[in-house]
Amino acid sequence: MDTKRVQNNPITAFGDHVLRGVGQVVFQNNPITGLIILGALFFNSWIYGAICLLGAIVATLTARALRADDGLIADGLFGFNGALVGLALVAFTSADFRTGSVPSVHMFIYIVFAAAMTSIAFATIGALLQPYKVAALTMPFVLVGWLFLFAVLKFANIEAGPLAKPVSPDQYAPVVTYVLPTWYMGIGNAIGQIFFQDNWISGYLIVLGIAVNSRISAGMALLGAALAAAVAAVFGGPEGAIRDGLFGYNAALTAIALGGFFLVLTWQSALYTLFGIVVTTWLWASVAIFLKPIGMPVLTSTFVLVTWLMLIGANGFKVLIPVLPSAATTPEDNRRRLLPPIANRGIARSTTG
Amino acid sequence: MDTKRVQNNPITAFGDHVLRGVGQVVFQNNPITGLIILGALFFNSWIYGAICLLGAIVATLTARALRADDGLIADGLFGFNGALVGLALVAFTSADFRTGSVPSVHMFIYIVFAAAMTSIAFATIGALLQPYKVAALTMPFVLVGWLFLFAVLKFANIEAGPLAKPVSPDQYAPVVTYVLPTWYMGIGNAIGQIFFQDNWISGYLIVLGIAVNSRISAGMALLGAALAAAVAAVFGGPEGAIRDGLFGYNAALTAIALGGFFLVLTWQSALYTLFGIVVTTWLWASVAIFLKPIGMPVLTSTFVLVTWLMLIGANGFKVLIPVLPSAATTPEDNRRRLLPPIANRGIARSTTG
Amino acid sequence: MDTKRVQNNPITAFGDHVLRGVGQVVFQNNPITGLIILGALFFNSWIYGAICLLGAIVATLTARALRADDGLIADGLFGFNGALVGLALVAFTSADFRTGSVPSVHMFIYIVFAAAMTSIAFATIGALLQPYKVAALTMPFVLVGWLFLFAVLKFANIEAGPLAKPVSPDQYAPVVTYVLPTWYMGIGNAIGQIFFQDNWISGYLIVLGIAVNSRISAGMALLGAALAAAVAAVFGGPEGAIRDGLFGYNAALTAIALGGFFLVLTWQSALYTLFGIVVTTWLWASVAIFLKPIGMPVLTSTFVLVTWLMLIGANGFKVLIPVLPSAATTPEDNRRRLLPPIANRGIARSTTG
């Protein structure tokens with residue numbers, strides 16, 4: 001299917017941009033991926049499916065109203081932070097984290113403002129990072145999400161239950177032993193948690209959606225989630241947190257980002273990615289503990305932190321071949337375009353970074 | 001009155017720069033505005049009036065001793081953060097927040113160092129922001145204020161009472177109903193709180209001082225304070241916090257900054273400003289909660305955060321016409337110089353950003 | 001001794017780079033300094049000596065494996081953050097802070113990853129700061145140290161005792177009076193604490209190591225530690241914290257950095273340095289209080305914060321002569337190369353900044 005034609009057709013364009021926005025959460029600039037992910041959310045809860053769509057629509061419309069760059073809008077880059085912030089606000093203010101609750105009128109207004117704010121934050125963080133040749137990642141969502149979540153608990157007209165979901169590893173019983181479901185549920189849940197879905201089947205459906213656009217990215221997502229679970233187990237992380245996918249959702253995103261998307265996939269960058277997955281797993285616990293006094297969830301902050309730390313300096317490491325955010329497409333395509341011929345490898349450096 | 005002549009006359013120049021420094025807290029490069037604001041402070045408490053003057057003098061002298069840029073000094077840009085940090089240190093270490101206490105010798109030395117430090121921080125934050133074409137705003141004050149306030153409680157030779165003033169909305173009784181004084185006192189107090197004045201009449205005197213230099217800025221200050229009070233009420237914020245102007249002082253500053261000063265005033269930028277006021281109101285509560293575990297006041301951090309978020313990316317939004325900090329004078333003058341002729345509006349983009 | 005020849009000889013080069021890495025903690029690009037400092041650590045505890053060496057080796061090897069800039073590696077700039085992070089992880093997870101404990105296998109792996117991560121963080125923070133002409137200082141260590149320390153307490157397979165060492169001034173009894181050992185032990189301990197050595201004799205040995213390369217830097221280290229102790233005493237800081245060198249280790253680093261290394265030493269920059277020492281002393285308490293809710297130590301964050309604040313804006317102050325990080329050698333050499341002839345002083349500005 002020629003998705004470019006849909007993207008540029010004025011009638012279908014807006015729907016296409018919104019679906020790409022959903023796909024961009026996991027770096028997939030592909031409306032089919034977005035559609036499958038939406039399906040995975042509706043499979044778990046129609047409320048989350050609808051909120052995800054709402055967030056992406058509001059953020060994309062905001063960017064259009066402000067006359068932001070048309071290319072960025074068409075690639076769904078204004079939508080994905082809006083989708084995530086909508087999901088987060090519903091997930092952490094609902095009595096039942098798993099299915100979410102329909103928001104009140106006050107909460108609805110609040111979500112619309114938050115989603116709109118992510119588009120402004122995306123432009124600002126993009127401008128701040130422009131000299132450093134890295135992408136804003138999900139930082140607009142993390143920043144706006146934290147700021148709007150902090151405040152929500154203080155307004156009497158927004159009914160917010162206590163955070164129904166554990167947000168830190170020490171909220172789990174430490175004695176439970178690891179069993180088979182720890183692993184297959186933990187890996188699926190880790191992918192699901194990227195979209196706040198506490199549903200391991202939804203997680204695997206999302207992997208399927210990624211695979212439609214890039215098999216390497218889909219494999220990286222699984223590798224990130226699996227290695228995170230293994231590292232957490234070796235270091236004695238609580239079984240419940242591993243099974244719920246909490247150690248893995250940031251690691252899965254780090255794996256996709258470093259594993260071929262922003263660095264051309266070579267055996268050196270593969271090792272670098274494995275290092276990044278291990279560090280992300282540990283540091284998820286770290287950020288969780290840092291945020292505990294104020295009762296805030298980690299969101300995807302650890303992924304953003306580790307990926308920025310490992311990409312901004314990457315231009316100084318001659319074994320790696322960084323890909324400019326504007327030039328990053330899929331790991332497969334990056335390799336085809338940017339990997340130097342075998343004869344030159346290790347001698348000539350790519351000029352893309 | 002030709003204030004330029006006073007600014008350049010070597011005899012009167014220093015006093016002029018200090019008074020402009022007081023005015024620059026609310027973006028008014030005008031010594032008369034500074035004088036009226038000083039009057040409003042003395043009307044509430046001679047201690048605050050004197051401390052404000054002291055802070056502005058020390059910071060301006062520091063900049064001169066370090067041979068900083070003469071133009072910035074003459075425009076009062078080194079003075080305003082010093083004035084604010086002096087006021088904050090007295091306000092939050094006095095038994096009576098409303099009138100303040102005369103500082104001890106140790107405290108006096110401490111304030112002088114803090115005010116001097118704001119001039120260094122102003123140069124540094126200005127250098128950091130230079131590529132992004134936004135101003136340091138009150139960030140030097142917020143940063144130095146927090147750092148010096150954290151430490152003050154730990155030195156036995158500085159007598160610091162407990163923070164006498166509530167700094168977070170949940171310190172107020174939530175059941176009180178809104179009455180008429182909630183509104184007119186709340187709006188006045190919000191303007192007053194910019195200078196730590198818990199006095200609504202002082203607040204309206206400050207608005208008068210702003211109006212001498214720019215009626216649009218004066219109107220924006222009132223609009224910001226009023227809309228903040230309304231938003232807080234709709235979302236069920238506590239009456240006491242609204243009446244004390246706590247939801248409004250950051251919003252009033254955001255309104256002045258976005259409403260014509262750093263963005264040419266058009267109907268689009270007016271809508272953008274309204275959005276910014278609403279978000280600032282909510283996020284004040286957010287930052288207050290974030291800072292609660294360490295017992296720190298919000299100061300004007302929310303204004304700085306929201307204004308930076310909404311200005312740094314603004315060059316990417318073609319419906320807005322950003323004004324360079326060095327070119328920003330008053331909303332009226334910005335419009336006259338930078339608004340394209342009606343025939344071209346929406347077609348040609350201003351080249352000032 | 002011609003250290004340049006050792007640095008470039010392929011057989012001795014690696015050892016040279018690692019020793020320079022140890023020296024770079026206190027800004028001394030000299031392997032003899034590194035060797036004496038290592039001796040000072042072994043004098044206190046062979047465990048700390050070995051861990052310091054391990055951290056510097058791992059970080060330097062990581063930089064080589066990633067093919068980072070050869071000049072930076074040869075100057076030991078990749079090693080010093082690795083050395084510090086190893087020391088910090090052992091110091092804060094050992095039952096006895098003074099001697100440290102031999103790490104477990106899990107902890108050993110963790111330290112190796114942390115030291116490797118500092119090399120990546122060094123490249124990234126260097127890239128972020130490149131437009132602002134300041135060095136990364138010990139920020140890679142502070143950042144990676146905090147992140148890895150936060151997480152360590154949450155993994156059952158890493159035995160971590162409670163933080164055995166007070167990390168905030170309010171953990172000391174406030175009534176003890178100052179005596180002679182408060183001063184000579186306090187100054188020595190402050191230098192020792194830079195390397196987590198609670199041993200005042202080790203501290204003076206480190207000063208000796210610095211003096212081999214630069215007498216001005218050695219003098220500045222002593223001045224910073226002594227003035228910090230005096231300021232803390234005047235403002236009523238607890239005796240135990242002064243004697244343990246807690247107020248002084250950040251101030252000593254600030255003194256070395258501003259006192260001739262990154263600013264050419266003149267009477268104006270000497271005053272500027274004194275100001276920086278006083279502010280660092282106060283703000284150490286400030287950061288300690290900020291971090292207390294999460295139980296984290298200050299590390300050298302205050303030194304980094306104050307030095308950045310005072311250097312990034314320094315290009316705007318015409319009384320100061322900043323030295324580019326890549327051009328900074330020793331205070332003595334900086335003066336010889338960059339101080340304008342007396343006839344021109346105050347007229348011509350150095351063009352080095």
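**Helix packing, domains and three-fold assembly**

Helices H9(C) and H10(C) are roughly perpendicular to each other, a class that covers angles of 65 to 115 degrees (under 35 counts as roughly parallel, over 145 as roughly antiparallel, and the rest as oblique). The structure is a predicted model, in which local features need pLDDT of at least 70 and side-chain atom pairs count only at pLDDT 80 or more, while totals for chains, interfaces and linings use all residues. Residues are numbered from 1 along each chain as its sequence is written, and chains are lettered from A and ligands numbered from 1 in the order in which they are written.

In this pair, H9 spans residues 180-193 of chain C and H10 spans residues 200-213 of chain C. Helices are DSSP runs (H or I, at least four residues; strands are E, at least two), numbered from the N terminus. The axes of H9(C) and H10(C) lie 7 Å apart and form an angle of about 65 degrees; axes are lines fitted to C-alpha atoms, for helices over the stretch in contact, and angles run from 0 to 180 degrees between N-to-C directions. H9(C) passes H10(C) in a left-handed crossing, in which the near helix is turned anticlockwise from the far one by less than a right angle (clockwise would be right-handed). H9(C) contributes residues including C:Met185, C:Gly188 and C:Ile191, and among those of H10(C) are C:Trp200, C:Tyr204 and C:Val207. Residues are in contact if their C-beta atoms, placed from the backbone, lie within 7 Å. The contact of H9(C) with H10(C) has 8 nonpolar, 5 polar and no charged residues, where Ala, Val, Leu, Ile, Met, Phe, Trp, Tyr, Cys and Pro count as nonpolar, Asp, Glu, Lys and Arg as charged, and the others, Gly among them, as polar.

The next level is that of the domains. Chain A is divided into domain 1 (1-162) and domain 2 (166-353), with bounds that come from an automatic or database domain assignment. Their C-alpha centres lie 21 Å apart. Where the domains of chain A meet, 35 residues of domain 1 are in contact with 33 residues of domain 2. On the domain 1 side, helices H3 (31-44), H4 (46-65), H6 (79-91) and H8 (139-152) of chain A each give two or more residues. H3(A) supplies the largest share, 9 residues. This side of domain 1 comprises 26 nonpolar, 7 polar and 2 charged residues.

The chains themselves follow. A turn of 120 degrees, with a shift of 0.0 Å along the axis, lays chain A on chain C with an RMSD of 0.0 Å, by least squares on the C-alpha atoms of residues with pLDDT of at least 70 in both. The two copies are thus related as by a three-fold rotation axis. In chain A, the residue closest to this axis is A:Pro293, at 4.0 Å (C-alpha). Only 8% of the interface residues of chain A are also interface residues in chain C, so the copies meet through different surfaces.

The contact of these chains takes 26 residues from chain A and 25 residues from chain C. On the side of chain A, helices H14 (267-291) and H15 (301-312) give two or more residues each, and H14(A) gives the most, 8 residues. That side divides into 18 nonpolar, 6 polar and 2 charged residues.

Chain C can likewise be laid on chain B by a turn of 120 degrees, with an RMSD of 0.0 Å.

Note on methods: Two residues are in contact if their C-beta atoms, placed from the backbone, lie within 7 Å.
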